[in-house]
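Student: I would like to go through this model with you. Could we begin with one pair of residues and work outwards?

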Amino acid sequence: MHLTPLEVFFVKEFCRSAGVSPDMMPALKVKERSRDPVGFMTRVTPSSVSPELRFESRVFSSLRVACVGPDQLLCGMVLFFDGIEGKLEAIEGFVCMAKNGRQSRSQSSGPRPTEQ
């Protein structure tokens, strides 16, 4: 599986912020994707992550948001990096503002296991 356009947007935002070229993004493969009504968590296949997609911290988040869906909900993002090599590990997107202007979810503290 490949990244969705929204996931690509989030990774490009990281690349822009980190001063890294996004040219390696087409090589990224999805290992696992889970969705729920207020967001998603996508784990990336480790072998598909190029050396450029590394970060010295465990978590990257941006103030930029995307407007998604027919209701144009504001969707925030968090990228998670492994604690050993700093490679991109997971992408989380979450609804941060509902249509009525109320916060619907706060950022998580890390990747969550997928419920079956």
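Tutor: Certainly. This is a predicted model, and a good starting point is Arg 35, which stands opposite Phe 40 in β2.

Student: Which strands are joined there, and how many bridges are there between them?

Tutor: Strand β1, residues 30–36, is joined to strand β2, residues 39–44, by six bridges, and the two strands run antiparallel. Another residue with a bridge partner in β2 is Arg 33, whose partner is Thr 42.

Student: How many residues lie between β1 and β2 in the hairpin?

Tutor: Two residues lie between them.

Student: Is β2 enclosed or open?

Tutor: Strand β2 is largely enclosed by the rest of the structure, because six of its six residues are buried. Gly 39, Met 41 and Arg 43 point one way from the strand, while Phe 40, Thr 42 and Val 44 point the other way.

Student: Why do they split like that?

Tutor: In a regular strand the side chains alternate between the two faces of the sheet.

Student: Back to Phe 40. Why does Phe 40 count as buried?

Tutor: Its relative accessibility is 10%, so Phe 40 falls under the 20% cut-off for buried residues.

Student: What does Phe 40 touch?

Tutor: Leaving out residues up to four places away in sequence, Phe 40 touches Leu 6, Glu 7, Phe 10, Ser 34, Arg 35, Ile 91, Glu 92 and Gly 93. Glu 7 is 33 residues from Phe 40 along the chain, and their C-alpha atoms are separated by 9.8 Å.

Student: Phe 10 is on that list. What kind of aromatic pair do Phe 10 and Phe 40 form?

Tutor: The count of aromatic pairs comes to seven. The pair of Phe 10 and Phe 40 is stacked, with 6.3 Å centre to centre and 15° between the planes. This pair links distant parts of the chain, since Phe 10 is in helix α1 and Phe 40 in strand β2, 30 residues apart. Phe 10 is itself buried, with a relative accessible area of 0%.

Student: And what about Phe 14 and Phe 55, what is their geometry?

Tutor: Phe 14 and Phe 55 form an edge-to-face pair, 5.4 Å centre to centre and with 90° between the planes. Phe 14 lies in helix α1 and Phe 55 in the loop between β2 and β3, so the pair ties together parts that are 41 residues apart in sequence.

Student: Are those two buried or exposed?

Tutor: Phe 14 is buried, with a relative accessible area of 1%, whereas Phe 55 counts as partly exposed at 24% relative accessibility. Both belong to one aromatic cluster with Phe 60 and Phe 81.

Student: Let us move to the core. Which residues touch the most other members of the largest nonpolar core?

Tutor: That core has 22 residues, and those that touch the most other members are Phe 10, Val 11, Leu 28, Leu 53, Leu 79, Leu 88 and Ile 91. Two or more residues come from each of α1, β2, β5 and β6.

Student: Which residues is Val 11 in contact with?

Tutor: Setting aside neighbours within four places in sequence, Val 11 is in contact with Leu 3, Met 25, Leu 28, Leu 53, Leu 79, Leu 88 and Ile 91. Apart from the largest core lies another, of six residues, including Met 41, Val 78, Phe 94 and Cys 96.

Student: Why do such residues gather?

Tutor: In soluble globular proteins, nonpolar side chains tend to be buried together.

Student: New topic: what is notable about the phi of Gln 72?

Tutor: Gln 72 has a positive phi of about 50° although it is not a glycine. This residue lies in the loop between β4 and β5 and counts as partly exposed, at 46% relative accessibility.

Student: What is the overall layout?

Tutor: The protein has one helix and six strands, in the order α-β-β-β-β-β-β from the N terminus. Buried residues make up 39% of its 116 residues. Among contacts between residues at least 6 apart in sequence, 54% join residues at least 24 apart.

Student: Lastly, what is the mean pLDDT, and where does pLDDT stay under 50?

Tutor: The mean pLDDT is 83, and 83% of the residues reach 70 or more. Over residues 103–116 the pLDDT stays under 50.

Definitions and conventions
Residues numbered from 1 in each chain as written. Predicted model: local features only at pLDDT ≥ 70, side-chain atom pairs only at ≥ 80, totals over all residues. Heavy atoms only, no water. Pairing = 2+ DSSP bridges. Helix = DSSP H or I, 4+ residues; strand = E, 2+ residues; numbered from the N terminus. Buried < 20%, exposed > 50% of the residue type's maximum accessible area, 1.4 Å probe, protein only. Contact = heavy atoms within 4.5 Å. Core = buried A, V, L, I, M, F, W, Y, C linked by side-chain atoms within 4.5 Å. pLDDT = per-residue confidence, 0-100. Phe/Tyr/Trp six-rings, centres within 6.5 Å; stacked < 30°, edge-to-face > 60°.
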